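Reader: Hi! I am in my first year and still learning to read structures. Could you take one part of this one and walk me through it slowly?

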Amino acid sequence: MSGLTPKIEFTPEEAFVALAIVAVAIDGEHAEAEEMAVTQAILSAELFASHPADQLIAMINNSFNWIHEQGIETIFQSAMRYLPENLRSEALTAIAKIIMADGKVSSEEKNLLSQVSQGFDIPEEQINQVLQNV
């Protein structure tokens, strides 16, 4: 993914959800297991504890719409930019769980993990540790 200038401003919640949706959409396959993993990641994140279900569904739908309208790279770059540092580890874990949910890791998904690692300045060893614990 290239260093595009972000075109959408996200709240921390929207950035988290957008990264989760990017993890589902990155390889062009929408496996049911990945979609279930998105739901689980969002519901288990403390960040969303006080959000009503319809608001969470709207964030998920908006993320898919933004990807369709602006492209996956633009949404990825925007989400990376607006996700606060204190949510990065949790987002990384969520992305790894989503990617691993269908039991296979595509080259696009590996690239996404690499981009997250570099963008968040997370060592590759930590990425590997997260993947082993998923």
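Author: Let's start with the pair α2 and α5: helix α5 covers residues 88–100, and α2 covers residues 32–44. Helices here are DSSP runs of H or I with at least four residues, numbered from the N terminus. Two packed helices are described by the angle between their axes and the distance between the axes. For α2 and α5, the angle is about 155° and the axes are 8 Å apart. That makes α2 roughly antiparallel to α5, a label given to angles over 145 degrees, whereas those under 35 degrees count as roughly parallel, 65 to 115 as roughly perpendicular and the rest as oblique. The axes are lines fitted to C-alpha atoms over the stretch in contact, and the angles run from 0 to 180 degrees between N-to-C directions. The crossing of α2 and α5 is right-handed, meaning that the near helix is turned clockwise from the far one by less than a right angle; anticlockwise would be left-handed.

Before we go on, a word about where this comes from. This is a predicted model, in which local features need pLDDT of at least 70 and side-chain atom pairs count only at pLDDT 80 or more, while totals for chains, interfaces and linings use all residues. Residues are numbered from 1 along each chain as its sequence is written, and side-chain values use heavy atoms, with hydrogens and water left out.

Now, which residues in α2 and α5 meet? On the α2 side they are E34, A37, V38, A41 and S44, and on the α5 side E90, A94, K97, I98 and I99. Contact here means heavy atoms within 4.5 Å.

E34 deserves a closer look. This residue is buried yet has no salt bridge. Buried means under 20% relative accessible area, exposed over 50%, and partly exposed in between, using a 1.4 Å probe and protein chains only. A salt bridge would need a side-chain nitrogen of Lys or Arg within 4 Å of a carboxyl oxygen of Asp or Glu. The nearest side chain of opposite charge to E34 is K104, 7.8 Å away; Lys and Arg count as positive and Asp and Glu as negative, while His and the chain ends are not counted. Leaving aside neighbours within four places in sequence, E34 is in contact with V24, D27, E29, I98, I99, A101, D102 and E109.

The next residue to visit is E35, also found in α2. At 38% relative accessibility, E35 counts as partly exposed. Beyond residues up to four places away in sequence, E35 touches V24 and H30. E35 and A101 are 66 residues apart in sequence, but their C-alpha atoms are 8.7 Å apart in space.

V24 leads us to another helix, since V24 is one of the α1 residues that meet α5. Helix α1 (residues 12–25) packs with α5 at an angle of about 25°, with the axes 9 Å apart. α1 and α5 are therefore roughly parallel to each other, and their crossing is right-handed. From α1, F16, L19, A20, A23 and V24 take part, and they meet E90, A91, A94, I95, I98 and I99 in α5.

Just past α2, H51 sits in the loop between α2 and α3 (53–70). With 18% relative accessibility, H51 counts as buried. Setting aside residues up to four places away in sequence, H51 touches E13, L56 and M59.

Finally, follow the chain to helix α7, residues 124–133, where L131 lies. L131 counts as partly exposed at 23% relative accessibility. Among residues more than four places away in sequence, L131 touches A96, M100 and L113. L131 and A96 are 35 residues apart in sequence and 6.1 Å apart in space, C-alpha to C-alpha. Q126 also lies in α7 and is partly exposed, at 30% relative accessibility.

Notes:
Helix = DSSP H or I, 4+ residues; strand = E, 2+ residues; numbered from the N terminus.
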